[in-house]
Amino acid sequence: MGFFDRIKQGLKKTGSLLKTDIRDLFKSEGRLIDEAFLEEIRGILFRTDMGFDAVDALVDEIATKLRGRVVELAEVVDVLKVKLKELMAQPESPIDFAPTGPTIVMVCGVNGAGKTTSIAKLASQFTRSGKRVVLGAGDTFRAAAVEQLTIWADRLGASIVKAAQGTHPATVAYQTVERAIAEPFDVAVIDTAGRLQTQTTLMAELTKIRQAISKQLPDAPHEVLLVLDATTGQNGVSQAQKFADAAGCTGIVLAKLDGTAKGGVVVAIRQQLGLPVKYVGVGEGHEDLTPFVPDEFVDALFADVLQPTKA
Ligand SMILES: Nc1nc2c(ncn2[C@@H]2O[C@H](COP(=O)(O)OP(=O)(O)OP(=O)(O)O)[C@@H](O)[C@H]2O)c(=O)[nH]1
């Protein structure tokens, strides 16, 4: 399955909500775009978890382009798609690789978001593209996380740097970068323990891990990826804000998109935080990670709206 089909599958519930509700606004051939219409479409868009800012921008665009006219469904969908693509625009390459030397990727997120699985998936992508990868088992809090990462490293042919339980995670990060430079490796992906955005001390620890990495390599980390669980919807936005402040996140890996109807949260994150969604997780296997392509996401979101429901 390509990105479009995977994302369409992942957005099945969100897409079907849009389809049913937007089609309901067009019972007859055309519809006058008046205040009542704008309020109705606002409500529908809002239910997809896109957030206020994106919904406002979309409704304003419909008002500017179509207010006072009688239009068909396809015209409204076109305006929505063009504006949404504009709101979601982001650089094409998901990872900002270092021009020389190893690229250091730090990964953070709340407990159970899908960090370890996402690291395995990233390592799998990197090794498949011929890169030499070292993993940093920086979750020194949970022994099982180190074991899980070791199994993945063995399976994927990546190396791993680990330390005794309780070692400061900044030490592991420092040693991983040291090893990446010495060998040399092309990419180092450094895990961190799960933490809640409200745990101030643990959030400050992320800053220390970052500093330990920069001490070895001043330009690093090149990427700080926040893994968000897509099923948490709008809660992800406030999480992302706190992690972005503490760890200087450069992008999002949205895990578990295959299991939710809250796919609109991707829009809210982009719109409210300016952070690009770099990858989406669409399953539990190590190949179930795909770079995020905003235009295809938007096309997939509205793919079924113009298709009449089969009797
Ligand atoms: N369906 C689906 N499941 C996923 C995806 N990503 C992760 N999971 C599952 O989510 C669960 C938690 O994933 P982990 O990778 O262990 O999460 P974590 O963030 O490392 O957890 P902690 O180390 O406890 O903080 C596991 O059962 C994964 O298989 C995904 O994209 N889709």
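Here are a few short exercises on this predicted model, each with a worked solution.

Residues are numbered from 1 along each chain as its sequence is written. Local features need pLDDT of at least 70, side-chain atom pairs count only at pLDDT 80 or more, and totals for chains, interfaces and linings use all residues.

**Exercise 1. Find out how confident the predictor is.**

Start with pLDDT, the predictor's confidence in each residue, from 0 to 100. The protein chain averages 89, and 97% of the residues score at least 70. Then look at the model scores: ipTM is 0.94 and pTM is 0.86. A word of caution: where pLDDT is low, don't read the predicted coordinates in detail.

**Exercise 2. Work out the strand order of the sheet and find its edges.**

Step one is vocabulary. Helices (H or I, at least four residues) and strands (E, at least two) are DSSP runs, numbered from the N terminus. Two strands pair if DSSP finds at least two bridges between them.

Step two, walk across the sheet: 8 strands go S5-S4-S6-S3-S7-S8-S9-S10, an open sheet with mixed pairing. The edges are S5 (159-161) and S10 (289-291); each has a single partner strand, so one side of each is left without a neighbour in the sheet. From one strand to the next, the twist averages 25 degrees.

Step three, zoom in on one pair. S4 (residues 133-136) and S6 (residues 187-190) run parallel, joined by 4 bridges. Within this pair, Gly136 sits opposite Ile190 in S6.

**Exercise 3. Place helices H7 and H10 against the sheet.**

Contact here means that the C-beta atoms of two residues, placed from the backbone, lie within 7 Å. Axes are lines fitted to C-alpha atoms, for helices over the stretch in contact, and angles run from 0 to 180 degrees between N-to-C directions.

- H7 (residues 143-156) packs on the sheet and touches S4 and S5, with its direction at about 155 degrees to that of S5.
- H10 (residues 235-247) also packs on the sheet, touching S3 (103-108), S7 (223-229) and S8 (251-255); its direction makes about 160 degrees with that of S7.

**Exercise 4. Describe the shell around the ligand.**

A residue counts as near if its C-beta atom, placed from the backbone, lies within 6 Å of the molecule. Of the 21 residues around the ligand, the nearest are Gly114, Thr116, Thr117, Gly194 and Gly281. Helix H6 (residues 115-128) gives the most to this shell, with 3 residues.

**Exercise 5. Track down the unusual backbone spots.**

Most residues other than glycine have a negative phi, and most peptide bonds are trans. Now for the exceptions:

- Glu183 and Pro184 are joined by a cis peptide bond, omega about -5 degrees; Pro184 is in the loop between H8 (169-182) and S6.
- Ala220 to Pro221 is cis too, with omega near -5 degrees, and Pro221 lies in the loop between H9 (200-216) and S7.
- Asp49 has a positive phi, near 70 degrees, in the loop between H3 (35-46) and H4 (52-66).
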